[in-house]
Amino acid sequence: MTSNHTEDAVIHGYIMRWLTLSADHIVILILLLALTVKFIFFEDCEERSAEHLLMNYNKNIHQMFSVKDRSGHSPLLEDSEGWIEVGPREDIRPVEHKEVQTDLVDTSDTQSSSPVGITSRLCPAETRSVEECLAIYKSEAGAEALTDDEAVQLVKCGHIPTYQLEKAMANPERGVHLRRKIVGNAGNFVNALADLPYQNYDYSKVMGACCENVIGYMPVPVGLAGPLLLDGRLVYVPMATTEGCLVASTNRGSRALMKCGVTSRIVADGMTRGPVVRFTSIARASEVMEWMQSDENFESMKRSFDSTSRGKSVVCEAIVPSHVVKTVLKTSVHGLVDVNIAKNLIGSAIAGSIGGFNAHAANVVTAIFIATGQDPAQNVSSSNCMTLMEPWGETGEDLYISVTMPSIEIGTIGGGTVLPPQGACLEMLGVKGPNIEYPGENANTLARIVCATVLAGELS
């Protein structure tokens, strides 16, 4: 009994020690509370120092805390008169804080969570004033020292034109990112922009050459038709399109032409234009009109106007054996000739077509134009095409087909041809850039490829 009484007294003594609160115990409890709050509410702010964390947190406990230790060790909480009393737990609220931002990350743009081109850094706690931002922008630090919000602020205040963002930011991709942020908020289509890609694109080649006010780029599927046997050479033709079956149909026509091949010729190189000359009076205009009656003077003026003309007139033909028509195209020579006359010739004439005596030349032309960096608007005149078919041979069993395209406006230098993807398609065709040995020959070859591919599409 004595032994048990002694043990009870010892246990009672330990319990009393733990229950007796001392100043040291209070300090430990406060530190544990502060660390608990840190991990609950501020786990995503690990880069902030303990001092900054506690200074933000004390705003929610009625400014009762102050940081004593600034050496990097665990801070102690006290006031000028001694240890302070912590308020009830229900008074504790998480502190609103700014997220860690990077120069090129827009939380509304979900394409990537990592910055592009510039090392990430913490943003200032608050956006700096317009005057301060403008001074930084004009200093050696430049736009790189500004946050996205600060750069947008300068745009809204008229210090940076929206169309010059790529140049002003000294980083084209960041300029595009900021423009997306500005116009997306202004037009209320931020979510829509999330599906329009803009990253990892060489905008330096676009600036001043291909497009303005860029907000991204448009991925278009590129299919491959061929091989197409053209003038004794096999070519694989890239076609950028969203029209189902176009590449498949053209590929089918190419397969039907593998044994016979396609022959092409450039019959003219120039563009038809109606030059206009203005004179100060009818007297002066009459004098020039009389002057032009001379053949020599007329030729002189014609050479002057023709010097600025860059179109191709191309003719392609092929003779397709009857067994290929039956086995590959699954029809007959008579059937093809009949439908060409009824649809492409008579049907187009009744419809009032101008230059459109074909099945679907514009589809093929546009697909190749987009793939090779041409001006898609030129498909209007470049798609002028007349498709002719007739029986061939002594018995008329084979098929003769020709395609005449008088105005293919095309080139291999300048415009969209300078962009890497389009340049890659030109390189596939062996016509990238200028032909040093025979100037203009690459453009002529590309025009023949376009015409021959149209023939394959028309045949199919």
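In which kind of crossing, left-handed or right-handed, does α5 pass α7? The crossing is right-handed, the term used when the near helix is turned clockwise from the far one by less than a right angle.

This is a predicted model, in which local features need pLDDT of at least 70, side-chain atom pairs count only at pLDDT 80 or more, and totals for chains, interfaces and linings use all residues. Residues are numbered from 1 along each chain as its sequence is written, and side-chain values use heavy atoms, without hydrogens and water.

The axes of α5 (residues 148–156) and α7 (residues 172–187) come within 11 Å and cross at roughly 70°. That makes α5 roughly perpendicular (65 to 115 degrees) to α7. The residues in contact (heavy atoms within 4.5 Å) are tabulated here.

| Helix | Residues in the contact |
|---|---|
| α5 | Asp148, Asp149, Ala151, Val152, Val155 |
| α7 | Arg174, His177, Leu178, Lys181, Ile182 |

They divide into 5 nonpolar, 1 polar and 4 charged.

The largest nonpolar core, a set of buried (under 20% relative accessible area, 1.4 Å probe, protein chains only) Ala, Val, Leu, Ile, Met, Phe, Trp, Tyr and Cys residues joined through side-chain atoms within 4.5 Å, has 49 residues. Its largest share, 10 residues, comes from helix α17 (residues 441–459). Met239 is one of the residues with the most contacts inside this core. Beyond neighbours within four places in sequence, Met239 touches residues including Val364, Ala367, Ile368 and Ala371. These four are among the buried residues of α14. Helix α14 (residues 361–371) has 8 of its 11 residues buried. Another core, of 16 residues, lies apart from the largest one and includes Val155 and Ile182.

Terms used:
Axes fitted to C-alpha atoms, helices over the stretch in contact; angles between N-to-C directions. Helix = DSSP H or I, 4+ residues; strand = E, 2+ residues; numbered from the N terminus. Parallel < 35°, antiparallel > 145°, perpendicular 65-115°, else oblique. Nonpolar A, V, L, I, M, F, W, Y, C, P; charged D, E, K, R; others polar. Buried < 20%, exposed > 50% of the residue type's maximum accessible area, 1.4 Å probe, protein only.
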